[in-house]
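Visitor: I would like to learn how to read a structure of this kind with some care. Could you show it to me and take me through its features in turn?

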Amino acid sequence: MPGGKVLSWLRTRFMPHIWCSGCGHGIVMHALLRALIGLNKDKTRTVLASGIGCSSRLAGYVNACTLHTTHGRSLAFATGVKLHKPELTVIDIMGDGDCSAIGGNHFIHACRRNIDITAIVMNNNIYGMTGGQSSPTTPVGAWATTTPYGAVDQPFDLCKLAEGAGASYVARTTIANPRQVETFIMNGIQKKGFAVIEVVTHCHTQYGRKNDRRLPFDNYNCFKEASVPLTKARDMPPEELEGKLVCGEFVNKEVLEYTEQYDKVIEKAQAALKE
Amino acid sequence: MADGEIQNTAFWQGNTALAHGALAAGCNFFGGYPITPSTEIAETMAEELPKTGGKFIQMEDEIAGLACVLGASIAGAKALTATSGPGFSLKQENLGFAYLAEIPAVVVDVMRGGPSTGLPTRAAQQDIMQARWGTHGDYAPICYAPSSVQECYDLAIKAFNMAERFRQPVLIMSDEIVGHMREKITKTEPDKLKLIERVRPTCEPEEFTPYEADPMTSVPPMASFGDGYLWHVTGLMTNDWGFPTGNPPEVEKKILRIINKVTRARNDIVEYEAEHMDGAGIVVVSYGSVARSALRAVRDARKKGIPVGHFRPITIWPFPDAELVKMSLGVKTILVPELNCGQISLEVERAIRGRSEVRGLSLVNGKLFKPSDILKVIEEVA
Ligand SMILES: Cc1ncc(C[n+]2csc(CCOP(=O)(O)OP(=O)(O)O)c2C)c(N)n1
Ligand code: SF4
């Protein structure tokens, strides 16, 4: 049971939550709340947007300004919030399907614009909420209700996607390392620009059941074994990295931030008026 | 002529006038995606908004255009998006979100011919039923159809007022002809503007129940993100404090409330214009650009001694049905010329219930009716 400060950030009135017991999503929520507390964030100035999916239900459980939108569209809503009130801290919670299937277009454009939003992608390699259909991150050969003969399409590497699209901070970790989840979220929030934190998590109910990871603990162990720190991965040959989860901060660079750029547009437009 | 008069007039396109009307109403956010024949609205906002400290953003598609507009509105902005048929189809998803979550915004569709990419540069009125039923579920749209450049300006102001008052999206269904034609208009002087702002909560933040409606209006006060209130916005059905619910009495209460808040105020919303109705045995019902041709035809027919009147719905939704019925008692024939295959003519039939003969006139070749086309039919039925 979380302690006092974390508890004050929870809407216990909205509980019990809808998550299956043992779902990895709760670990991400706890880490996010620790990060917000660690950064001394004010609830009334913290916005949590999310899309649709088990992961996206997170927003409703947090006692802040929360915005549970339509499937895949949360980043576009969050962009409106942030552009209108840049002084707010805006965090966006998505599932892998929400972010990279139906929301893929909004995701790459939020990266490209480099707007100061922290996106947390809870990647469980499956559509949990709708009962275990394959997602754009389901590995080739994995079983899902819509891949009864094994998945054949190539999955996305979400971090490479975010990096290629221009995000200024990109990191990956897993729920087997909750401290690192917290640290990366903190770093992402502090970054002036678009930050993406992919948290590999599990859906033992849907994905695990079909892919030999029935218990929450099976998944936890699997992530622990597969995780390789980025510093070590850099010296490893590609064959050895097959099936591994490379964890670390892939991108942390300075890029002009969108709302600050727009402020310059306002300055220019108003200067022209005075002339 | 006094200087003030010159300053307060402009010779504008309908689209430009609509954008300036929005600015006069206090619009401070635009999000959208370019599409003919609506693009001038976005272009005008891109130029004008930063001068006032407002924000313009070109999004990756029309879905995102409305999504960011709703996000901005939740943070307190008065926000606008504008599009045409293909984009209006994409906006349906988030329009539904805005009806259910009760987020004010103004959405413009400058109609062109469809379905699909259709006729990008020609006028049509084929989206008028999409404005009524386009997104899934039950809701009560408020929708205006301007038929002049002046009305593009005036209705933009009114649409913002209604969006704020009823806490929901308000639609302006313009069309290619109204959007692109140029006319002289008079701007409203800032001190003469009557602006309505959303009702904000006055209670302590801890006592805020986000969807508890004022019993007099059925509209709940709306907080903005960042102004001290903590609340949850969702497209799920919720109870009064924003908690997702499947409990039948709570579900019914919510869905009926978002409809009743509009229907109970129907008489404040509905607008129409009736001309030459005295002694009319024939009534022409038309809206948008078509009303311009129709009114001319009616005047020409009157000159020829034919007793014909003209009824123009300014709000398409709610439809001025009771008003039309009252004014056309004893009328033999109602003609409904439209740039579609008979959408509002169905609505007129519904209202008239066989009391008069209702005859639709359809034109779907991308052209506008000539007054003589309509006059010919008036003469036929006279
Ligand atoms: C437009 C639309 N299409 C489909 C759905 C159905 N749907 C709900 S959640 C979901 C997938 C969620 O998967 P993911 O984002 O990976 O989150 P998870 O549930 O696994 O946490 C889908 C397809 C929907 N709500 N809206
Ligand atoms: S279905 Fe899967 S993702 Fe959803 S709550 Fe259960 S374990 Fe978690």
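Guide: Chain A holds 13 helices and 10 strands, where helices (H or I, at least four residues) and strands (E, at least two) are DSSP runs numbered from the N terminus. This is a predicted model, in which local features need pLDDT of at least 70 and side-chain atom pairs count only at pLDDT 80 or more, while totals for chains, interfaces and linings use all residues. Residues are numbered from 1 along each chain as its sequence is written, and chains are lettered from A and ligands numbered from 1 in the order in which they are written.

Visitor: What does the radius of gyration of chain A say about how compact it is?

Guide: The radius is taken over C-alpha atoms and set against the globule rule, 2.2 Å times the number of residues to the power 0.38. For chain A the radius is 19 Å, close to the 19 Å that the rule gives for 275 residues, so the chain is as compact as a globular protein of that length. The C-alpha trace of chain A spans about 70 × 45 × 35 Å along its principal axes.

Visitor: Which peptide bonds are cis, for instance the one that leads to A:Pro16?

Guide: The bond from A:Met15 to A:Pro16 is cis, with omega near 10°, and A:Pro16 lies in the loop between helix H1 (4-8) and helix H2 (25-38) of chain A. In chain B, the bond from B:Thr36 to B:Pro37 is also cis, with omega near 0°.

Visitor: Is A:Asn114, with its positive phi, buried or exposed?

Guide: A residue is buried if 20 or more other C-beta atoms, placed from the backbone, lie within 10 Å of its own, exposed if 12 or fewer, and partly exposed in between. A:Asn114, whose phi is about 55° although it is not a glycine, counts as buried because it has 24 C-beta neighbours inside 10 Å. B:Arg353, with a positive phi of about 45°, is exposed, with 10 other C-beta atoms within 10 Å.

Visitor: Which part of chain A gives the most to the shell around ligand 2?

Guide: A residue belongs to the shell if its C-beta atom, placed from the backbone, lies within 6 Å of the molecule. Helix H9 (residues 204-210) of chain A gives the most, with three residues, and the residues around ligand 2 include A:Trp19, A:Cys54 and A:His204. The shell divides into six nonpolar, six polar and no charged residues, where Ala, Val, Leu, Ile, Met, Phe, Trp, Tyr, Cys and Pro count as nonpolar, Asp, Glu, Lys and Arg as charged, and the others, Gly among them, as polar.
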